[in-house]
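Reader: Before I use this model, I want to question it. Can we go through it step by step?

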Amino acid sequence: MANLNETIHQPVRLRIMAALVTLEPTNEVDFTYLRDLLEVTDGNLGAHLRKLEEAGYISVNKVFMERKPHTYVSATAAGRKVFQEHVAALESILKRK
Amino acid sequence: MNISPTEAEEALAAIQAMTQKTRHSIASSGAYIFLIITGIIWLVGFLSTQFLTGQIVGYIWSGTSILGTAVAILLGTRMGKRVRNPSVNASAKRAIIFWVLLVFYAIAAVAIARPSDGKQVTMFIILFTMVGQSAMGLLLSFSATWWALPITALALVGYFLLPGFFYLWMGVLGGGGMIALGLYIRYRW
């Protein structure tokens, strides 16, 4: 049986991963777009993204577009796998109810 | 780590809500508009071809196509800043070259085959465009691949089974179908 993942289970990080996993595997999302989607502050999102990046679940890509810096975020293959395992663990808890 | 069934239920509900919100946000930020724009161009263009004659038909096709392309480029630029595919950006030049070559091959095929009427020319254009759409979908975004197939099937059915109403068929079912699909993505997806 799959185990719950403590890093991912935190509510904001859970929603971040849910949003990123919804994208196609080759796509990445703009930081400000993700912030608006989650309705969190810059600082809050930045802190949670660092935790997920340190765990290797997301990838953060900083680029310049039209001379302006942009930060793009995507779920890594490991992040997608761990997220699916976490969802499976949640579902198994419900089945045992 | 242990949690109660109630907490698990809440977590799954949060995941479900976020997944739907993300899908809806991406769809409503522009993807559906491309289908609606193309659908409107086809609807107006094919209906004018069916019911009008003379140079006005060419002007209508040119006008709607130029306007639609301009709107699509504007929306594509806006959309590309929110959600992007780095490998797509790197392949953009190759994609442009591919389309230029495809247009060249389409012109060559039409010149060799010498289609006898407008319907045959239209079918050549639709088939080459859908080959290009399928290739782009397979290379860049798999989810964009599938809709070329039903459009091609509709065109073939109209061409072989309803030659007298071909343009009306393409306008209403091809164009109208794209508009309906775009609206479905916008409101139901």
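**Confidence, helix H4(A), cores and interface**

Reader: Which element of chain A has the highest mean pLDDT, and which the lowest?
Author: The model is predicted, so confidence comes before detail. Among the elements of chain A, helix H4 (residues 42-54) has the highest mean pLDDT, 96. The lowest, 88, belongs to strand S2 (residues 58-65). In short: H4(A) highest, S2(A) lowest.

Reader: What does chain A average in pLDDT?
Author: Of its residues, 97% score at least 70. The average for chain A is 91.

Reader: In what order do the elements of chain A run?
Author: Chain A has five helices and three strands. Read from the N terminus, the order is α-α-β-α-α-β-β-α.

Reader: What end-to-end distance should H4(A) span, and what does the model give?
Author: H4(A) has 13 residues, and each counts for 1.5 Å. The expected span is one step fewer than the residue count, so it comes to 18 Å. The end C-alpha atoms agree with that, at 18 Å.

Reader: Where do the buried residues of H4(A) lie around its axis?
Author: The buried residues are Leu45(A), His48(A), Leu49(A) and Leu52(A). Seen down the axis, they fall within an arc of 105°. They therefore line one face of the helix.

Reader: Which exposed residues does the face of H4(A) turned away from its buried side carry?
Author: The buried side is covered by elements including H2, H3, S2 and S3 of chain A. The face turned away carries the exposed residues Gly43(A), Arg50(A) and Glu54(A).

Reader: Which residue just after H4(A) takes a positive phi?
Author: The phi there is about 85°. The residue is Gly56(A).

Reader: Which element gives the most to the largest nonpolar core?
Author: That core has 30 residues. H2 (11-22), H3 (31-38), H4, S3 (68-75) and H5 (77-95) of chain A, together with H1 of chain B, each supply at least two of them. The most, seven residues, come from H2(A).

Reader: Which residues does Ile58(A) contact, leaving aside its neighbours within four places in sequence?
Author: Ile58(A) is among the residues with the most contacts inside the largest core, as are Leu20(A) and Val73(A). On the H4(A) side, Ile58(A) touches buried Leu49(A) and Leu52(A). The full list is Leu20(A), Leu49(A), Leu52(A), Glu53(A), Val73(A), Ser74(A), Ala75(A), Thr76(A) and Gly79(A).

Reader: How many residues are in the second, separate core?
Author: Its members include Tyr32(B), Ile41(B), Ile151(B) and Phe166(B). The total is 18 residues.

Reader: Is Trp169(B) buried or exposed?
Author: Trp169(B) sits in helix H6 (residues 166-187) of chain B. The cut-off for burial is 20 or more C-beta neighbours within 10 Å, and Trp169(B) has 20. So Trp169(B) counts as buried.

Reader: What separates the C-alpha atoms of Trp169(B) and Leu43(B)?
Author: Along the chain, the two are 126 residues apart. In space, their C-alpha atoms are separated by 9.5 Å.

Reader: Which element gives the most to the side of chain B that touches chain A?
Author: There, 24 residues of chain B are in contact with 26 of chain A. H1 (5-51), H2 (55-82), S1 (83-84) and H3 (86-113) of chain B each give two or more residues to that side. With 13 residues, the top contributor is H1(B).

Reader: How do the residues of that side of chain B divide by type?
Author: The side is the one that touches chain A. Its residues divide into 11 nonpolar, seven polar and six charged.

Methods. Residues are numbered from 1 along each chain as its sequence is written. Chains are lettered from A and ligands numbered from 1 in the order in which they are written. This is a predicted model: local features need pLDDT of at least 70, side-chain atom pairs count only at pLDDT 80 or more; totals for chains, interfaces and linings use all residues. Two residues are in contact if their C-beta atoms, placed from the backbone, lie within 7 Å. Helices (H or I, at least four residues) and strands (E, at least two) are DSSP runs, numbered from the N terminus. Ala, Val, Leu, Ile, Met, Phe, Trp, Tyr, Cys and Pro count as nonpolar, Asp, Glu, Lys and Arg as charged, and the others, Gly among them, as polar. pLDDT is the predictor's confidence in each residue, from 0 to 100. A nonpolar core is a set of buried Ala, Val, Leu, Ile, Met, Phe, Trp, Tyr and Cys residues joined through C-beta atoms within 7 Å. A residue is buried if 20 or more other C-beta atoms lie within 10 Å of its own, exposed if 12 or fewer, and partly exposed in between; C-beta atoms are placed from the backbone. The arc is that of the directions from the helix axis to the C-beta atoms.
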